[in-house]
Amino acid sequence: MLTREDNELLVRVGPGTAMGKLMRLYWIPFLLAKDVAADGQPYRVRLLGEDLVAFRDSSGKVGLVDQACAHRGAPLLFGRNEDGGIRCVYHGWKFSTTGSVQEMPAEPANSPMLKKVKLKAYPVQERNGVLWTYMGPDEVPPPLPSMEWNMVPQENVHVSLRIQECNWLQALEGEIDSAHAAILHGRVDSGGSIDQWKQAADLAPKFEVVQHDAGIHIASRRKLEGEKNYIRVNQFLMPFWTLVPPFSQYPELSGHAWVPMDDEHTLCVMFSYHPTQPMYEKTLKVFKEGHNGRESAHASEGSFEKRPVTEPYHTYWSRYNRANAYGYSWDMAQKYNAGMPGLWLQDAACQSGVAAIYDRTKENLGTSDSGVARTRRVLLEATKKLAAQEQRPVSTTDPDKFLVRAISITIPEGGDWMAQGKDFMQAKLGQGFGYQP
């Protein structure tokens with residue numbers, strides 16, 4: 001349980017907030033590179049409570065700038081993206097990707113405003129099909145984090161985006177809580193593949209939590225036959241990352257960046273990847289198309305509803321949401337533990353279904369919530385140290401702190417998973433799992 005004050009501290013992310021200041025110290029993945037074409041349609045974005053527009057200029061460089069023209073506030077979403085800049089349709093003021101003014105057609109040629117006026121702009125880097133931005137105070141941003149999923153060959157990874165209608169922390173907490181997986185995602189008749197997962201053999205795992213420089217190892221220990229333990233170690237990485245271990249049939253690593261759009265909406269950047277080989281064709285097909293009308297862990301390409309271009313992330317709003325019960329039906333609930341058609345829908349319904357920001361003073365946490373409780377403490381400590389002492393987490397400046405993997409290993413009963421899993425939890429580009437998932 002959190003106090004009301006600490007809950008507010010964690011969930012508020014706008015400019016000037018304690019959590020917002022912490023988030024702005026990190027690079028943020030915010031869009032897929034394919035969403036902005038050179039001299040193409042600008043794309044409306046909202047990040048940490050700020051309304052922005054992304055566009056790719058004639059040379060291929062991506063800009064992320066204030067959505068409102070610096071002249072009289074006309075929407076730059078309608079701007080003409082042409083000849084190396086974005087031109088406001090109202091009076092023709094034109095801006096570069098860095099926010100500098102290039103032209104003011106209705107003003108004198110020697111107007112001092114040409115040098116004085118500056119549109120708010122954030123630096124953007126593009127890596128392996130993903131656009132990242134830094135919204136922090138440093139003129140020279142830190143290096144991009146060494147996230148393995150964004151550094152393997154592109155054929156080894158699948159990335160999807162979707163909007164979830166809840167606070168970022170509610171969504172994040174769902175993925176570091178591995179106690180729910182076999183229960184929420186199982187079937188009433190125990191006849192599905194999920195019911196055959198190793199974790200389904202022990203629904204009361206023991207949790208062990210270890211803090212490290214970039215975040216937290218959250219291990220669940222389950223009993224198996226033959227005096228063995230099945231260990232799954234999920235990862236929380238500052239400030240909004242979660243990593244999920246592989247499964248045995250089609251092993252791949254996966255996870256999310258739970259990027260706050262604002263206090264009540266989250267951009268869910270999901271990635272699944274194999275460290276050494278292209279993604280399995282069967283897996284990719286399920287990710288992109290779903291399976292028998294059901295969603296996988298990724299939002300399928302046909303699961304989005306059309307929204308006006310004036311809405312932030314207009315291409316990534318799901319047709320499944322709180323307003324239509326995430327596709328829930330009583331008939332479906334007679335077969336599946338949760339009556340929603342697919343994995344991420346079941347998670348989203350539990351994380352978002354009651355309120356966009358849940359009152360955590362009403363919670364009653366148990367031993368299975370050890371990872372959730374520790375994550376909250378780590379975030380609270382980081383925000384308070386930044387506010388009181390201007391002390392930044394070490395991971396803000398050291399990109400290699402993010403070279404971490406989630407693991408799923410089988411060890412002798414009572415064995416030391418930290419010792420036996422240490423090397424496996426270190427991501428090494430170009431190297432495999434190091435064990436049989």
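1. Let's start with a term: a residue is buried when its relative accessible area is under 20%, exposed when over 50%, and partly exposed in between, using a 1.4 Å probe and protein chains only. By that yardstick Cys 69 is buried, at a relative accessible area of 6%. Cys 88 counts as buried too, with 4% relative accessibility.

2. A word on the source: this is a predicted model, where local features need pLDDT of at least 70, side-chain atom pairs count only at pLDDT 80 or more, and totals for chains, interfaces and linings use all residues. Numbering runs from 1 along each chain as its sequence is written, and side-chain values use heavy atoms, with hydrogens and water left out.

3. Are you wondering how many disulfides the structure holds? Zero, taking a disulfide as a pair of cysteine sulfur atoms within 2.5 Å. Cys 69 is in none, and its nearest cysteine sulfur, that of Cys 88, is 3.9 Å away. Seen from Cys 88, that gap to Cys 69 is too far for a bond.

4. Now helix α1, residues 4–11 (helices are DSSP runs of H or I, at least four residues; strands are runs of E, at least two; both are numbered from the N terminus). Its buried residues are Asp 6, Asn 7, Leu 10 and Val 11. They sit on the same side of α1 because they cover an arc of only 125° around the axis, the arc being that of the directions from the helix axis to the C-beta atoms. These buried residues pack against α2 (18–23), α4 (168–175) and α9 (370–389), with contact meaning heavy atoms within 4.5 Å.
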